Amino acid sequence: DSGTKELSKATTPHDCTSNNGFMFFTKYIILKFEEGTVKKVVLMDSLMGSEEKVMGIPQLLHFQTLVTTGALFLGIVAVRLLEHSVGIDSLFVTAIIALLALGLLIYSADFFIEGAKGLARRGGLPEVVIGLTIVSIGTSLPEILVTTTAAMDVAKTPESADFAIGSILGSVFVQITLILGIVVVNKGLKIRESWLKRDGLIMLLAVLLLSLFLLTDFTLERWESFILVSLYIVYIVWLLMHREVIQKEEEENLEDVGVRGSNWSTAAYLIMVVSGLAFAVFAAHHLVEYASIIAVELKVPQAIVGTTVSGIGTSLPELTIAIMASKRSQGVAIGTLIGSNITDPLMSIGLAGLVSPLVITDSGFDFIVYLLIPFTILGCSVALLMMRTSYEFKKWEGYTMILIYLLFLASLEAYNRSWIRF
């Protein structure tokens, strides 16, 4: 009726078995013609008389991510017991615990994402909405937990506010410069105009709004945090209300952008969500605690520790997902980073500010105000400008984004050595 025809053809099912007693495969070929052109061909094999095997809790116990997560958790517990029983109190042991906590945070967040996506699929949520909401929030889970945990310590350690702010702005800056640059250098990416006008602009506005709040009285108040969280909720609701339009845009793009995953039982997915979140909370607490100890021992402002160690570490999930997506899709890779960079300056720091107002201390003031905020705004602006040119991210532009990050590190080193003062 609209010039589009669908032709479905299937082989005749045979009620027979092979000599081994296994059912024959039936092949379904679905051809979709649009204006006389084949748009998509899908070949599916289904085993007659048998359903796809659903993996349950016994198989979950042998799941590599769970095994690694459990090993990291036991490693932290073992080192802490050794620290207290033997009385070892060294910077080396502290660094080991912090690194183990960072690793546990990354793996547990990945475990949580897998479970959340599985439950969403079983609930019938469209794959594109899963990617824009659950995956975005899931990859930002480390930042959310680290900043809220740091906010809880503000009363007894005011410098924890610097750590929280540094973690969020540092994560945004790392993702939009270093990680995006690595992804683009790995494979040049094409950008969709509709995506850039929607999510790219929202990312820049979110960073600018957070910067404005921080630069007014150098404090993120609770009412300002409420505005940030509310805006994020409005953004998510808008995505859900327009999911059919977004889905149509995705289908017009001939890429396979589905969120893939294993076929686990509902009980297994629930265990992934609960245990992943529990491990992540445990890891975030230890990461903040021991990173703060390292900052005190080395006499380094907590804002710098949050920007470098925590900022890079908590961005590793985005790096992994973006590189994997870039091999299959021309838009999803950047969409993963931008989606996370909308979540972080709105939801992640907003939740922390609701727990406790975040006041920039004197020790972190110069670094946050004169280095971190300007570089973050610069990185976001340059990235969007490069995406806008021909709606394509070329490899040389990826090297440019990496260069901006290296320039930031050089400025940071000059600041630490007092070569530059503000």
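# Briefing: helices, loops and a surface patch

Residue F218 sits in the loop that joins helix 7 (193–215) to strand 5 (219–220). The model is predicted, and its chain contains 15 helices and seven strands. Of the 422 residues in the chain, 49% are buried. The points below cover the chain as a whole, two residues with positive phi, helix 2 and a nonpolar surface patch.

**Chain as a whole**
- Among contacts in the chain with a separation of 6 or more, 79% are between residues 24 or more positions apart.
- The exposed area of the chain is about 20,500 Å², and 65% of that area is supplied by carbon and sulfur atoms.

**Residues with positive phi**
- F218, a residue other than glycine, has a positive phi near 55°.
- The relative accessible area of F218 is 31%, so this loop residue is partly exposed.
- S418 is likewise not a glycine, and its phi is positive at about 65°.
- S418 belongs to the segment that follows helix 15 (395–416).
- With a relative accessible area of 37%, S418 is also partly exposed.

**Helix 2**
- Helix 2 covers residues 64–86, which is 23 residues.
- From its first C-alpha to its last, helix 2 reaches 32 Å, close to the 33 Å expected at 1.5 Å a residue.
- The buried residues in helix 2 are T65, L66, T68, T69, G70, L72, G75, I76, V79 and E83.
- An α-helix has 3.6 residues a turn, so residues three or four places apart point the same way.
- The packing partners of the buried residues of helix 2 are helix 1 (57–60), helix 3 (91–122) and helix 10 (266–298).

**Nonpolar surface patch**
- W223, F226, I227, L231 and L354 make up a nonpolar patch on the surface.
- Together, these patch residues have about 490 Å² of accessible area.
- Helix 8 (residues 222–241) contributes four residues, the largest share of the patch.
- One of the patch residues, I227, lies in helix 8.
- I227 counts as partly exposed because its relative accessibility is 32%.
- Patch members need over 30% relative accessible area, and the value for I227 is 32%.

Conventions. Residues are numbered from 1 along each chain as its sequence is written. This is a predicted model: local features need pLDDT of at least 70, side-chain atom pairs count only at pLDDT 80 or more; totals for chains, interfaces and linings use all residues. Side-chain values use heavy atoms; hydrogens and water are left out. Helices (H or I, at least four residues) and strands (E, at least two) are DSSP runs, numbered from the N terminus. Buried means under 20% relative accessible area, exposed over 50%, partly exposed in between (1.4 Å probe, protein chains only). Contact means heavy atoms within 4.5 Å. Accessible areas come from the Shrake-Rupley method with a 1.4 Å probe; for residues, only the protein chains shown count as cover. The expected span of a helix is 1.5 Å times one less than its number of residues. Patches are made of residues with over 30% relative accessible area and no salt bridge: like charges are joined within 9 Å, nonpolar side chains (Val, Leu, Ile, Met, Phe, Trp, Tyr) within 5 Å. A salt bridge is a side-chain nitrogen of Lys or Arg within 4 Å of a carboxyl oxygen of Asp or Glu.
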